[in-house]
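Here are a few friendly notes to go with the model. Please keep the structure open beside you as you read.

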Amino acid sequence: MKTIPFSFDLTPGTFIPTAYDNYIRRQYSALKGQYLDKAAHEAIIAAGDPLSYEVYEIRRPELTGEILHGISILHPGKVGDEYAMTKGHFHTVRDTGEVYMCLKGTGAMVMETEAGETAVEFLVPGRVLYVLPNWAHRSVNLSADEDFVIFFAYPGHSGHDYSTIEKYGFRKLLVERDGQPTIIDNPRWGG
Ligand SMILES: [Fe+2]
């Protein structure tokens with residue numbers, strides 16, 4: 001881990017950092033129970049369980065005062081008529097925010113609070129999103145053929161709580177209707 005300030009580049013085209021020391025990859029099976037069309041999801045897993053997204057991080061101590069940052073690359077795909085998405089999470093320390101900047105592709109951030117507020121922000125290259133503290137967040141790739149690449153930065157002590165989302169999913173889902181991204185209510189909530 002570096003002990004003096006440092007900078008790095010993003011590889012042209014892919015946006016993979018030229019320096020990183022943590023790499024996470026998630027296949028479709030990592031989102032078990034999250035996609036609405038369970039049969040379509042099982043079929044994709046049975047057909048080879050392809051890679052859905054990758055995260056490149058610059059490792060830093062998970063401490064207050066540090067800022068964890070990196071790049072997430074969400075590959076295009078659909079499960080039934082639902083767009084490829086990340087697992088999504090709350091931060092374990094709820095009152096911690098996160099900054100995103102879209103570098104490539106077309107996508108959205110689906111967000112909600114435990115109190116039931118919801119928000120969806122659409123992202124294209126150059127657009128910056130601030131996820132307020134206490135809002136769970138999940139990214140979605142709305143393109144049929146292009147990676148959705150975002151830069152993220154969040155407080156070092158935030159932690160990740162995936163289990164709350166794994167239970168019911170998000171209250172809102174992004175599906176394709178008449179060729180357009182459409183926000184629908186998740187039937188697992190309040191059904
Ligand atoms: Fe986060």
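1. Where is the place of Lys32? Lys32 is found in the loop between β1 (22–27) and α1 (38–46); helices (H or I, at least four residues) and strands (E, at least two) are DSSP runs, numbered from the N terminus. Before going on, two words on the ground rules. Residues are numbered from 1 along each chain as its sequence is written. The model is predicted, so local features need pLDDT of at least 70 and side-chain atom pairs count only at pLDDT 80 or more, while totals for chains, interfaces and linings use all residues.

2. Lys32 is partly exposed, because 13 other C-beta atoms lie within 10 Å. For reference, a residue is buried if 20 or more other C-beta atoms lie within 10 Å of its own, exposed if 12 or fewer, and partly exposed in between, with C-beta atoms placed from the backbone. Along the chain, Lys32 and Glu166 are 134 residues apart, yet their C-alpha atoms are separated by 8.4 Å.

3. The strand before that loop, β1, belongs to an open sheet of six strands in the order β1-β2-β3-β11-β6-β9, with antiparallel pairing (two strands pair if DSSP finds at least two bridges between them). At the edges are β1 and β9 (128–131), each pairing on one side only. On average, neighbouring strands of this sheet are turned by 20° against each other, direction ignored; axes here are lines fitted to C-alpha atoms, for helices over the stretch in contact, and angles run from 0 to 180 degrees between N-to-C directions.

4. Six bridges join β1 and β2 (residues 51–58) in the antiparallel sense. If you want a pair to click on, Gln27 has Leu51 in β2 as its bridge partner.

5. Now to the other edge strand, β9, and the loop between β9 and β10 (136–141), where Pro133 sits. Pro133 is partly exposed, with 14 other C-beta atoms within 10 Å. Not counting residues up to four places away in sequence, Pro133 touches Arg94, Asp95, Thr96 and Gly97 (contact means C-beta atoms, placed from the backbone, within 7 Å). Val93 is 40 residues from Pro133 in sequence, and 9.1 Å from it in space, C-alpha to C-alpha.

6. Beyond that loop, β10 is part of an open sheet of three strands, in the order β8-β7-β10, with antiparallel pairing. Why is one side of β8 (118–123) and of β10 left without a neighbour in the sheet? Both stand at the edges, and each has a single partner strand. Within the sheet, β7 (residues 107–112) and β8 pair over six bridges, and Met111 has Ala119 in β8 as its bridge partner.

Conventions: Contact = placed C-beta atoms within 7 Å.
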